[in-house]
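Student: I have a model open in front of me and would like to learn how to read it. Could we go through it feature by feature?

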Amino acid sequence: MRKMAVLAVAATLSVALLSISSIVLASRQVSSQANKRIQATAAVSSVAVQEQTSALTALVHSYATRASLVADLAAGPGGVADLDSQLASLVATGTSLSSAFVSDLSGTLTSVEPSSPNVVGVNFASRDWYKGLASS
């Protein structure tokens with residue numbers, strides 16, 4: 001009888017150890033698969049963001065180098081209406097753009113779309129986002 005009890009305990013311990021090792025192995029496999037999927041998703045997201053940023057940069061560059069935009073800027077206050085129209089066109093064209101602005105070299109906004117008179121004339125040169133933009 002005692003021998004049967006010892007065998008039962010040994011069998012129970014064997015099953016418990018097998019169960020624990022199976023759980024640990026399964027947990028490692030699930031974690032490994034989850035990490036691989038996260039890495040793949042991050043890689044795809046990175047490529048998508050890079051493509052969107054490149055497309056947006058090209059769009060903004062194409063507007064910034066337009067002869068008509070340069071002429072509107074050179075016209076000073078007389079070109080503001082046309083400049084506003086071009087900024088409105090840029091925002092309408094770039095679906096990922098919510099606004100666009102032009103500033104002078106000192107960082108003072110001269111035109112903004114959508115129109116926001118309370119920021120036209122405000123200097124943003126001290127702001128980190130403007131410093132980063134100006135440096136690039």
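**Strands, a pocket and a few residues**

Tutor: Let us begin with the strands, where four bridges join β1 to strand β2 (residues 109–113), and the two run antiparallel. Strands (E, at least two residues) and helices (H or I, at least four residues) are DSSP runs, numbered from the N terminus, and two strands pair if DSSP finds at least two bridges between them. Keep in mind that this is a predicted model, in which local features need pLDDT of at least 70 and side-chain atom pairs count only at pLDDT 80 or more, while totals for chains, interfaces and linings use all residues. Residues are numbered from 1 along each chain as its sequence is written, and side-chain values use heavy atoms, with hydrogens and water left out.

Student: Which residue in β2 stands opposite V102?

Tutor: V102 has S111 opposite it. S111 counts as buried, because its relative accessibility is 1%; buried means under 20% relative accessible area, exposed over 50%, and partly exposed in between, with a 1.4 Å probe and protein chains only. Not counting residues up to four places away in sequence, S111 touches L83, D84, L87, A100, F101, V102 and V120, where contact means heavy atoms within 4.5 Å.

Student: Along β1, which side chains point to one face and which to the other?

Tutor: The side chains alternate, so that A100 and V102 point to one face and are buried, whereas F101 and S103 point to the other and are not buried.

Student: How should I read the backbone angles around these strands?

Tutor: Most residues other than glycine have a negative phi, and most peptide bonds are trans. In the hairpin of β1 and β2, with five residues between the strands, G107 takes a positive phi near 100 degrees. A cis peptide bond, with omega about 0 degrees, joins E113 and P114, and P114 is found in the loop between β2 and α4.

Student: How does one find a pocket, and what is the volume of the largest pocket?

Tutor: Rolling a probe the size of a water molecule over the atoms shows where empty space is left. On a 1 Å grid over the protein atoms alone, a pocket is an open set of points where a 1.4 Å probe fits, with protein on both sides within 12 Å along at least five of seven lines, and lining residues have an atom within 4 Å of a point. Grid points are joined across faces, edges and corners, and a volume is the space filled by probe spheres set on the points. Here the largest pocket has a volume of about 940 Å³.

Student: How many residues line the largest pocket, and which lie nearest its centre?

Tutor: The lining has 25 residues, of which V60, A64, F101, V102 and L133 lie nearest the centre. At least two lining residues are supplied by each of α1 (2–64), α2 (67–74), α3 (80–93), β1 (100–103) and α4 (128–135), and the largest share, seven residues, comes from α1. By type, the lining divides into 17 nonpolar, seven polar and one charged; Ala, Val, Leu, Ile, Met, Phe, Trp, Tyr, Cys and Pro count as nonpolar, Asp, Glu, Lys and Arg as charged, and the others, Gly among them, as polar.

Student: Is Q86 buried or exposed?

Tutor: Q86, found in helix α3, counts as buried because its relative accessibility is 12%. Its side chain makes a polar contact of 3.2 Å with the side chain of S68; a polar contact is a pair of N or O atoms within 3.5 Å, of which, within protein, one must be able to donate a hydrogen and the other to accept it, and residues adjacent in sequence count only if both atoms are side-chain atoms. The partner S68 lies in helix α2 and is partly exposed, with a relative accessible area of 37%.

Student: Where does Q39 lie?

Tutor: Q39 lies in helix α1 and counts as exposed, at 56% relative accessibility. The C-alpha atoms of Q39 and A5, 34 residues apart along the chain, are separated by 51 Å.
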